[in-house]
Amino acid sequence: MMAGVAATVLGAPAAYANVTCEPGNCVITGTSTLAPKASFSVTPSNVDASYRGSISANLGNTITSKGAFTDTFNFLLPTNGVGGGSVTTVAAKFHGPTDLDFTSVLINGAAATISKSVNGIVEIASGAGIMLSAGANTILVSGISRGNGSYGGSIAFTPSVPETATWGMMILGFVGMGAAMRYRRKSTNVAFA
């Protein structure tokens with residue numbers, strides 16, 4: 001049975017839906033050809049290395065071929081932090097052409113939880129509290145399409161609060177500044193004539 005599954009997957013033609021996306025640009029994997037049904041947009045759009053605020057992104061794709069697919073969404077973060085999000089697919093009919101099944105959704109290798117309702121017509125993959133690193137990060141959405149399924153979702157990122165050692169240094173700095181101000185007040189002599 002495993003040999004039959006492997007032959008089916010390996011013998012299948014490359015699906016249109018296999019895309020690699022970076023913010024604002026999705027291409028068919030291994031090419032420079034745009035994948036017009038895929039999207040990955042980030043807010044704010046002008047994030048640079050000095051940015052320390054929250055970041056959100058919307059992502060999705062319409063899979064217009066039958067079979068297995070894997071979409072890769074790549075993004076850079078300016079600092080370490082925590083992220084989470086969800087992607088959803090909804091079909092008009094169970095196992096109809098718009099039915100799409102998630103097989104896995106991975107955020108930097110961490111598996112999202114996939115839940116199904118209404119006989120698998122609605123599927124939601126979600127994850128929260130996932131540690132994300134400064135630099136390159138990846139979301140992989142894999143599944144099976146029956147010819148015209150789509151999914152969409154959003155992710156959110158919040159930068160980490162300063163580490164304990166950083167807080168300790170800040171508190172020591174405030175204590176030092178307070179002590180210096182107090183010392184100056186005591187040593188100031190005022191004389192009235």
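A salt bridge here is a side-chain nitrogen of Lys or Arg within 4 Å of a carboxyl oxygen of Asp or Glu. With that in hand, look at Glu123 and Lys116, whose side chains meet in a salt bridge at 3.9 Å, N to O. Before going further, a word on what you are looking at. This is a predicted model, where local features need pLDDT of at least 70 and side-chain atom pairs count only at pLDDT 80 or more, while totals for chains, interfaces and linings use all residues. Residues are numbered from 1 along each chain as its sequence is written, and side-chain values use heavy atoms, with hydrogens and water left out.

Back to that pair. For burial, the cut-offs are under 20% relative accessible area for buried and over 50% for exposed, with partly exposed in between (1.4 Å probe, protein chains only). Glu123 has a relative accessible area of 0%, so it is buried. Lys116, at 53%, is exposed.

Now step back to the overall layout. Helices (H or I, at least four residues) and strands (E, at least two) are taken as DSSP runs and numbered from the N terminus. There are two helices and twelve strands in the protein, and along the sequence they follow the pattern α-β-β-β-β-β-β-β-β-β-β-β-β-α. Of the 193 residues, 30% are buried. The protein exposes about 11600 Å², and carbon and sulfur atoms supply 63% of that area, as computed by the Shrake-Rupley method with a 1.4 Å probe, where for residues only the protein chains shown count as cover. As for contacts (heavy atoms within 4.5 Å), take those between residues at least 6 apart in sequence: 70% of them join residues at least 24 apart.

Next, the hairpin. Strand S9 covers residues 113-117 and strand S10 covers residues 122-132, and the two pair in the antiparallel sense over five bridges; pairing takes at least two bridges between the strands, as found by DSSP. One place to see this is Ser115, whose bridge partner in S10 is Ile124. Four residues sit between the strands of this hairpin, and Val118 takes a positive phi near 50° there. In a regular strand, side chains alternate between the two faces of the sheet. Further along S10 you come to Ser126, which is partly exposed because its relative accessible area is 32%. Setting aside neighbours within four places in sequence, Ser126 is in contact with Gly85, Ser86, Ala112 and Thr113. The C-alpha atoms of Ser126 and Gly153 are separated by 9.4 Å, with their positions 27 residues apart along the chain.

So much for the hairpin; what about the other charged pairs? The salt bridge count comes to three. In one of them the side chains of Asp99 and Arg146 meet at 3.7 Å, N to O. Asp99 lies in the loop between strand S6 (81-90) and strand S7 (100-107), whereas Arg146 is in strand S11 (residues 135-146), so this pair ties together parts that are 47 residues apart in sequence. Asp99 counts as buried because its relative accessibility is 0%, and Arg146 as partly exposed because its value is 21%. Arg146 also forms a salt bridge with Asp101, with the closest N and O atoms 2.8 Å apart. That pair, too, links distant parts of the chain, with Asp101 in strand S7 and Arg146 in strand S11, 45 residues apart. Asp101 has a relative accessible area of 13%, so it is buried.

Finally, turn to the cysteines. A disulfide is a covalent bond between the sulfur atoms of two cysteines. The working cut-off here is a pair of cysteine sulfur atoms within 2.5 Å, and by this rule the count comes to one disulfide. It is formed by Cys21 and Cys26, their sulfur atoms 2.1 Å apart. The torsion about their S-S bond is about 120°, so the disulfide of Cys21 and Cys26 is right-handed. Cys21 and Cys26 are both buried.

Cys21 turns up again when you look at Thr72, which is found in strand S5 (residues 66-77). Leaving aside its neighbours within four places in sequence, Thr72 is in contact with Val19, Thr20, Cys21, Thr138, Ile139 and Leu140. Thr72 counts as buried because its relative accessibility is 17%.
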